[in-house]
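Please work through the following exercises with the sequence and the model side by side. Each task is followed by a solution in steps.

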Amino acid sequence: MAFLFLNAILIASLATFAYASDPSPLQDFCVAVNDADAAVFVNGKICKNPNKVVAEDFFFSGLNKAGNTSNAVGSRVTAVNVNQIAGLNTLGISLVRIDYAPYGLNPPHTHPRATEILVVIEGTLYVGFVTSNPANPNLKNKLFTKYLYPGDVFVFPESLIHFQFNVGKTNAVAFAGLSSQNPGVITIANAVFGSDPPINADVLTKGFQVEKKVIDQLQAQF
């Protein structure tokens with residue numbers, strides 16, 4: 001009897017698990033239509049009439065072109081998600097090209113809805129991700145890092161903070177697949193120090209254990 005009771009608890013527990021990845025589609029495709037007045041939405045978009053779907057709904061051109069890296073961090077992400085290819089709606093996948101200037105950085109960020117798998121095409125990247133907070137408060141978040149060369153592949157688990165840094169004197173290029181039609185991006189520094197309106201400085205001084213003038217300087221950068 002105890003065994004059956006434990007089994008029932010286990011089954012009930014498994015039934016309550018929630019998954020953050022995109023749900024599986026229930027049709028061949030659902031080409032997104034940007035119509036704010038539509039009454040029915042699927043994954044935030046409505047479906048185009050299948051009889052009006054064309055090949056261009058599944059097409060994007062331009063990933064052969066380098067992104068402009070003349071910015072503060074020296075990198076540029078060119079995204080190909082549901083906003084660029086309407087046919088990606090409900091398919092649970094997207095793609096990015098990342099260009100890095102010499103010593104360019106794709107700064108620490110997270111994708112709240114996707115795991116990322118990255119392949120280096122040109123250059124040398126130093127990449128890594130940090131685990132979530134350990135159960136034991138006396139332990140620190142663990143950092144996993146690797147130097148990547150052309151042809152190397154690295155995976156960044158869903159929602160974890162990660163980064164890529166071009167350690168070479170020449171440009172670098174990488175492509176990455178993500179397990180969501182619209183993975184989202186939270187760039188840590190921008191979100192914390194550049195929000196609108198700004199986070200109260202008292203919160204940040206205590207959270208980062210620094211003086212207010214340090215917070216003021218950081219917020220001024222964003």
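## Exercise 1: two sheets

Phe129 stands opposite Phe144 in β8. Task: state which strand is joined to β8 and by how many bridges, and then place that strand in its sheet.

Solution. Before starting, note that this is a predicted model, in which local features need pLDDT of at least 70 and side-chain atom pairs count only at pLDDT 80 or more, while totals for chains, interfaces and linings use all residues. Residues are numbered from 1 along each chain as its sequence is written, and side-chain values use heavy atoms, with hydrogens and water left out.

Step 1. Strand β7, residues 125-130, runs antiparallel to β8 and is joined to it by 6 bridges; strands here are DSSP runs of E of at least two residues, helices are runs of H or I of at least four, and both are numbered from the N terminus.

Step 2. The order β8-β7-β10-β5-β12 describes an open sheet of 5 strands with antiparallel pairing, where two strands pair if DSSP finds at least two bridges between them. Its edge strands, each pairing on one side only, are β8 (143-148) and β12 (186-187).

Step 3. Another open sheet of 5 strands, also with antiparallel pairing, has the order β3-β4-β11-β6-β9. Here the edges are formed by β3 (75-80) and β9 (153-156), each of which pairs on one side only. Within this sheet, β4 (residues 94-100) and β11 (residues 172-178) pair in the antiparallel sense over 7 bridges, and Asp99 stands opposite Val173 in β11.

## Exercise 2: two polar side chains

Task: decide whether Ser94 is buried or exposed, and find which side chain makes a polar contact with that of His111.

Solution. Step 1. Ser94, which is placed in strand β4, has a relative accessible area of 6% and is therefore buried (buried is under 20%, exposed over 50%, partly exposed in between, with a 1.4 Å probe and protein chains only).

Step 2. The Ser94 side chain reaches the backbone oxygen of Ser180 at 2.7 Å. Leaving aside residues up to four places away in sequence, Ser94 touches several residues, including Val80, Leu88, Ala176 and Pro183, a contact being heavy atoms within 4.5 Å.

Step 3. His111 sits in the loop between β5 (105-110) and β6 (116-122), and because its relative accessibility is 8%, it counts as buried. Its side chain makes a polar contact with the side chain of Glu116 at 3.0 Å (N or O atoms within 3.5 Å; within protein, one must be able to donate a hydrogen and the other to accept it, and residues adjacent in sequence count only if both atoms are side-chain atoms). Beyond four places in sequence, the residues touched by His111 include Glu158, His162, Leu178 and Pro183.

## Exercise 3: backbone geometry and confidence

Task: find which peptide bond is cis, and ask how confident the predictor is over residues 1-6.

Solution. Step 1. The bond from Asp196 to Pro197 is cis, with omega near 0°, and Pro197 lies in the loop between α2 (188-193) and α3 (201-208).

Step 2. Gln209, a residue other than glycine, has a positive phi near 55°; Gln209 lies in the loop between α3 and α4 (212-220) and is exposed, at 65% relative accessible area.

Step 3. Over residues 1-6 the pLDDT stays under 50, and the model has 0 contacts for them beyond four places in sequence (pLDDT is the predictor's confidence in each residue, from 0 to 100). For the chain, the mean pLDDT is 88, and 83% of residues reach 70 or more.
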